[in-house]
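Welcome, and please take a moment to look around before reading on. The report below walks through a few selected places, one at a time.

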Protein chains: 2
Amino acid sequence: MSGSGDGTVGKALGVLDQVAGFGRPVRFSELLEQSDLPKATLYRLLQTLTNQGMVAYDPERGVYSPGMRLVRLAHAAWAQSSLAEVARPYLDRLSREAGETVHLAQLDGGHVLYVDKRNAADPVEMYSQSGKVGPAYCTGVGKAMLAHLPADDLTRVLKQQSFHRFTPATLPDEAALRAELAEIREHGYGFDREEHEPGIICVAVPILSGRGRCLGALSVTGTTTRTNLAELERLVPRIKAAAQAIAEEAQHWRFPDRPVEAEEER
Amino acid sequence: MSGSGDGTVGKALGVLDQVAGFGRPVRFSELLEQSDLPKATLYRLLQTLTNQGMVAYDPERGVYSPGMRLVRLAHAAWAQSSLAEVARPYLDRLSREAGETVHLAQLDGGHVLYVDKRNAADPVEMYSQSGKVGPAYCTGVGKAMLAHLPADDLTRVLKQQSFHRFTPATLPDEAALRAELAEIREHGYGFDREEHEPGIICVAVPILSGRGRCLGALSVTGTTTRTNLAELERLVPRIKAAAQAIAEEAQHWRFPDRPVEAEEER
DNA sequence: TTTTAAGTTCCATTATTTGGAACTCGGTTT
DNA sequence: AAACCGAGTTCCAAATAATGGAACTTAAAA
């Protein structure tokens, strides 16, 4: 499990993940039976998290849920650490040009985290759309990012992949994935050939910093009924251009120098 | 400071706040001089947070920023713990009926956290944005929520208010605020009379659970050029109805029973 | 080359976390 | 009524992890 091994803080964050993972308010006892922490320990961790605002406790029902402090913190994360802010105009343009759904993703642990999205039609809801996670080993953006990870990071991350076979096309194991990654590295882009969802294909390009570090990935997604791989491939130069522009700008978007906070408040 | 006193976890989360608070990628030394933690301690906490994905470290520039794991967690928080999911249709309707900006907020620590928002047809630039925090003592939603807090919680929260005077109308101190809160409690709704931003007024209503616990608040906001308090007040019955409906539904929206996770992944 | 600042590691001391067990509190059964 | 039960909460001595002063390593500046 991810959150074990960094002492108390790691354990606490593990509990936080657990609470968030339930997808609904959860009882102490439910957490307890799913956890290997002893009762008292789990209890105290939850107390700490609660009065830190990282989880919310509903005394009327006796249930825990992820706390609002997370939303505040994530706002900061989204606004600055993610590429979202920088990438926004490029996503807009790319989705207009391509007429298809565009994703911006980054790695979070071993998983793909969708940071922003342009739906062909409807507009974005910040925390309902972005913030979602998906598997890395069977999505276009996931593979594009894995392909450009340093060898030792990659090995670590591959350990976390489940290789669940969503579709017949899903890559079945680490060996197959490594082969595909080599190919992606060579071409500078990769496909999702209905590996995650039947009928859904995409082409993805990594966003690489000047020194070759992988910052994220861009993809254009379509359905097999409406398009095909060859057609998506034709978009690669545009996507690459966008990726490079984003990387470039992210590089220069250092320190806006004034800490922004126009308004006093705390 | 908020995050001191819950042992190591509290300290770690304090550091996290600090990193997020900078609003830009930040150097170790910057954090160090602003913190009262010793160098080694701060260093280790950052390491822990980093390999937990709560902060991201950019080795190329040697800076820390809030991590993507927060976005993932916040997604969960927003989707379940907040009232946002339940309230969405009511916000939609309210904003359509009122033709003005509508806010949904909850308390986060001593501050107002804007959880969702509907812009007026003709949006006015203002401070709020979902995910953002604002002061509690001088906003409509803030005061509505404070008014319905248990006495001891209120006392604790009032300690955290800065009473910075944003405008001439800002309530200057705890006494004035307490008086106003009593009034809000009596009427069941309250105003923001340009107390936070000049020209911006609003009427706000608390969202109260069956047992009277305050879950959040709703507000309708306008500008002095376009509307006035009396006109906003006329909306109170509708807002109250929405608030009550939301509270009701939040109550019944227990356990969707199937943990949702349609897709295997972890 | 020397100096200085930033970041990183070490390790004995110290303080915190740990977790088994005992306790409390509603509610249910005998 | 008394006994029982399960969920949640508290206790405290033992075990463990956090602490922080100081020394070390780079990398850049003088």
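Let us begin at a turn. The hairpin of E8(B) and E9(B) has 5 residues between its strands, and there B:Gly212 takes a positive phi near 85°. Please keep in mind that this is a predicted model.

The two strands of this hairpin run antiparallel: 9 bridges join E8(B) to strand E9 (residues 214–223) of chain B. One position to look for is B:Ile200, which stands opposite B:Thr223 in E9(B).

E8(B) also has a partner in strand E7 (residues 190–193) of chain B, with 4 bridges joining the two in an antiparallel arrangement. Here B:Phe191 has B:Val203 of E8(B) as its bridge partner. The hairpin of E7(B) and E8(B) has 6 residues between the strands, and B:Glu194 takes a positive phi near 55° in it.

How many residues of strand E8 (residues 200–208) of chain B are buried? The count is 9 of its 9 residues, so the strand is mostly covered, a residue being buried if 20 or more other C-beta atoms lie within 10 Å of its own. Both faces of E8(B) are covered. On one side you will find B:Ile200, B:Cys202, B:Ala204, B:Pro206 and B:Leu208, and on the other B:Ile201, B:Val203, B:Val205 and B:Ile207, all buried.

Next, a wider view of the other protein chain. The domain assignment of chain A gives domain 1 (4–72) and domain 2 (82–253). Their C-alpha centres lie 32 Å apart.

Now to the DNA. Around DNA strand C there are 18 residues, of which A:Pro38, A:Ala40, B:Gly7, B:Phe28 and B:Ser29 come nearest. Helix H1 (7–22) and helix H3 (39–51) of chain A each supply at least two residues of the surface near this strand, as do helix H1 (7–22), helix H2 (28–34) and helix H3 (39–51) of chain B.

DNA strand D is surrounded by 18 residues, the closest being A:Gly7, A:Ser29, A:Ala40, B:Pro38 and B:Ala40. Two or more residues of the surface near DNA strand D come from each of H1, helix H2 (28–34) and H3 of chain A, and from each of H1 and H3 of chain B.

The table sets out the two surfaces.

| Surface | Largest contributor | Residues by class |
|---|---|---|
| near DNA strand C | H3(A), 4 residues | 7 nonpolar, 6 polar and 5 charged residues |
| near DNA strand D | H3(B), 4 residues | 7 nonpolar, 6 polar and 5 charged residues |

Terms used:
Residues numbered from 1 in each chain as written. Chains lettered and ligands numbered in written order. Predicted model: local features only at pLDDT ≥ 70, side-chain atom pairs only at ≥ 80, totals over all residues. Buried ≥ 20, exposed ≤ 12 C-beta atoms within 10 Å, placed from the backbone. Pairing = 2+ DSSP bridges. Domains from an automatic or database assignment. Near = placed C-beta within 6 Å. Nonpolar A, V, L, I, M, F, W, Y, C, P; charged D, E, K, R; others polar.
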